Amino acid sequence: MSTQTNKPNPRVYVINGPNLNMLGKREPEVYGSLSLDEINRQLDTTAKGLGLDLIFFQSNHEGLIIERIHEVFEENPAGIIINPGALTHTSVGLRDALLLLSCPIVEVHLSNIHKREPFRHTSMIADIATGQLTGFGHYGYQMALNAIHQLRQIL
Ligand code: DQA
């Protein structure tokens, strides 16, 4: 009997948008004191325990993020975790790129965007994401990874 499985490869993309490279320095009362590197390191430790491989990408440029998503499309990854930063509220292009993907998409925000200024209440990707985690600080990324792991178990 074949031992082949339909499970997608164990890769999970972790994509962060504009200004998230400044975490730790940027409005720590809103976004916390950990740097993006520290968050990613913690996430990597969790991922290893779950048998997942993380690929990290951060850019301040919308087009570069969209091109990275096109590369994700060429694979069959276990999922994508994305915090698009301010692009969340503005980018139809990002939404269109994510529409290419058939893997789970988890939208993460450190702050609770629904508790903030009205212009942050709209997400261009919330209705096409598998789910949104907002307001749990850096722990939101861990929750997203666990969600992708769980979804992978039931495939
Ligand atoms: C953010 C929320 C966005 O409104 C903001 O522009 C960010 C970060 C968050 O993680 O809470 O850059 O996505």
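How many nonpolar, polar and charged residues does the shell around the ligand have? In this predicted model, the shell has 4 nonpolar, 5 polar and 3 charged residues, where Ala, Val, Leu, Ile, Met, Phe, Trp, Tyr, Cys and Pro count as nonpolar, Asp, Glu, Lys and Arg as charged, and the others, Gly among them, as polar. Local features need pLDDT of at least 70, side-chain atom pairs count only at pLDDT 80 or more, and totals for linings use all residues. Residues are numbered from 1 along each chain, and side-chain values use heavy atoms, without hydrogens or water.

Among the residues surrounding the ligand (a heavy atom within 4 Å) are Asn 83, His 109, Leu 110, Ile 113 and Arg 116. Three polar contacts (N or O atoms within 3.5 Å) can be followed from ligand oxygen atoms: to the side chain of Ser 111 at 2.6 Å, to His 89 at 2.7 Å and to Arg 120 at 2.9 Å. The protein buries 99% of the 320 Å² that the ligand exposes when taken alone (Shrake-Rupley method, 1.4 Å probe).

The ligand takes up the space of the largest pocket, which holds about 160 Å³. Its lining comprises 15 residues, with Arg 26, Tyr 31, Gly 85, Ala 86 and Arg 120 nearest the centre. A pocket here is an open set of points on a 1 Å grid over the protein atoms alone, where a 1.4 Å probe fits, with protein on both sides within 12 Å along at least five of seven lines; lining residues have an atom within 4 Å of a point.

Definitions and conventions:
A polar contact is a pair of N or O atoms within 3.5 Å; within protein, one must be able to donate a hydrogen and the other to accept it, and residues adjacent in sequence count only if both atoms are side-chain atoms. A molecule sits in a cavity or pocket if more than half of its atoms lie within 2 Å of its grid points. Grid points are joined across faces, edges and corners, and a volume is the space filled by probe spheres set on the points.
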